[in-house]
Amino acid sequence: GLEGALGMLFLGYFTVTVTVLSLSAISTNGAIKGGGAYFMISRALGPEFGGSVGIIFYVANVFASAMNVIGLVEALSSNFDQLPNGSQWHYLYGTITILLCLVVC
């Protein structure tokens with residue numbers, strides 16, 4: 001009921017607060033070199049845990065970019081009626097978007 005929902009909210013807020021405070025402590029511990037979040041994680045946890053977290057972080061970013069491209073293609077195809085529609089066209093629009101991201105990066 002209500003107590004369980006409030007308990008889940010409190011637990012979620014507590015977890016986020018502890019995470020933000022620990023990330024703030026790590027990031028204010030010195031200048032961050034090229035590497036961003038992976039550099040902070042590997043420096044805080046050591047090379048063994050940092051490497052495994054870095055691989056998971058990389059895979060998560062790959063899947064997140066794929067999901068963002070799918071969302072963009074769905075939004076474009078539903079909002080612009082002039083564009084040809086269909087699964088093959090969605091593959092083409094997604095491929096063009098990924099190639100555009102590759103050129104930009």
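The exercises below, each followed by a worked solution, concern a predicted model of a protein.

**Exercise 1. Describe the overall make-up of the protein: how many helices and strands are there, and what share of the residues is buried?**

Begin with the secondary structure, which comes to four helices and zero strands. Reading along the sequence then gives the pattern α-α-α-α. Turning to burial, one finds that buried residues make up 12% of the 105 residues in the protein. The accessible surface comes to about 8300 Å², and carbon and sulfur atoms account for 74% of it. Finally, among the contacts with a separation of 6 or more, 12% join residues that are 24 or more positions apart.

**Exercise 2. Compare the end-to-end reach of helices α3 and α4 with the span expected for each.**

Take α3 to start with: this helix has 33 residues and reaches 47 Å from its first C-alpha to its last, which is close to the 48 Å expected at 1.5 Å a residue. Next take α4, which covers residues 87-104 and has 18 residues. The distance from the first C-alpha of α4 to its last is 26 Å, close to the expected 26 Å.

**Exercise 3. Which residues of α4 are buried, and where do they lie around the helix axis?**

The step to begin with is to list the buried residues of α4, which are His-90, Tyr-93, Gly-94 and Thr-97. These residues cover an arc of only 100 degrees around the axis, and therefore they sit on the same side of α4. On the other side of the helix, Gln-88, Tyr-91, Leu-102 and Val-103 are exposed. The last step is to find the partner of the buried residues, and this is α3, against which they pack. Helix α3 has buried residues of its own, namely Gly-50, Gly-54, Val-69, Val-73 and Ser-77.

**Exercise 4. Place Ser-77 in the structure: is its side chain's residue buried or exposed, and what does it touch?**

Locate the residue before anything else: Ser-77 belongs to helix α3, which covers residues 47-79. Its relative accessible area is 10%, and because buried means under 20%, Ser-77 counts as buried. Leaving aside residues up to four places away in sequence, Ser-77 touches Asn-85 and His-90. With His-90 there is also a polar contact between the two side chains, at 3.3 Å. His-90 is itself one of the buried residues of α4.

**Exercise 5. How many aromatic pairs does a search of the whole structure find, and how is each arranged?**

A pair of aromatic rings is described by the distance of the centres and the angle of the planes. The search finds two pairs. In one of them, the ring centres of Phe-10 and Phe-14 are 6.4 Å apart and the planes stand at 20 degrees, so this pair is stacked. Both residues lie in helix α1 (residues 2-27), four residues apart, or about one turn of the helix. Phe-10 is exposed, with a relative accessible area of 59%, whereas Phe-14 is partly exposed at 48%.

The other pair consists of Trp-89 and Tyr-93, with 6.2 Å from centre to centre and 35 degrees between the planes, an arrangement that is tilted. Here too the residues are four apart, about one turn, but the helix is α4. Trp-89 is partly exposed, with a relative accessible area of 39%, while Tyr-93, at 15% relative accessibility, counts as buried.

Conventions:
Residues are numbered from 1 along each chain as its sequence is written. This is a predicted model: local features need pLDDT of at least 70, side-chain atom pairs count only at pLDDT 80 or more; totals for chains, interfaces and linings use all residues. Side-chain values use heavy atoms; hydrogens and water are left out. Buried means under 20% relative accessible area, exposed over 50%, partly exposed in between (1.4 Å probe, protein chains only). A polar contact is a pair of N or O atoms within 3.5 Å; within protein, one must be able to donate a hydrogen and the other to accept it, and residues adjacent in sequence count only if both atoms are side-chain atoms. Contact means heavy atoms within 4.5 Å. Helices (H or I, at least four residues) and strands (E, at least two) are DSSP runs, numbered from the N terminus. Accessible areas come from the Shrake-Rupley method with a 1.4 Å probe; for residues, only the protein chains shown count as cover. The expected span of a helix is 1.5 Å times one less than its number of residues. The arc is that of the directions from the helix axis to the C-beta atoms. Rings of Phe, Tyr and Trp (its six-membered ring) pair if their centres lie within 6.5 Å; planes under 30 degrees apart count as stacked, over 60 as edge-to-face and the rest as tilted.
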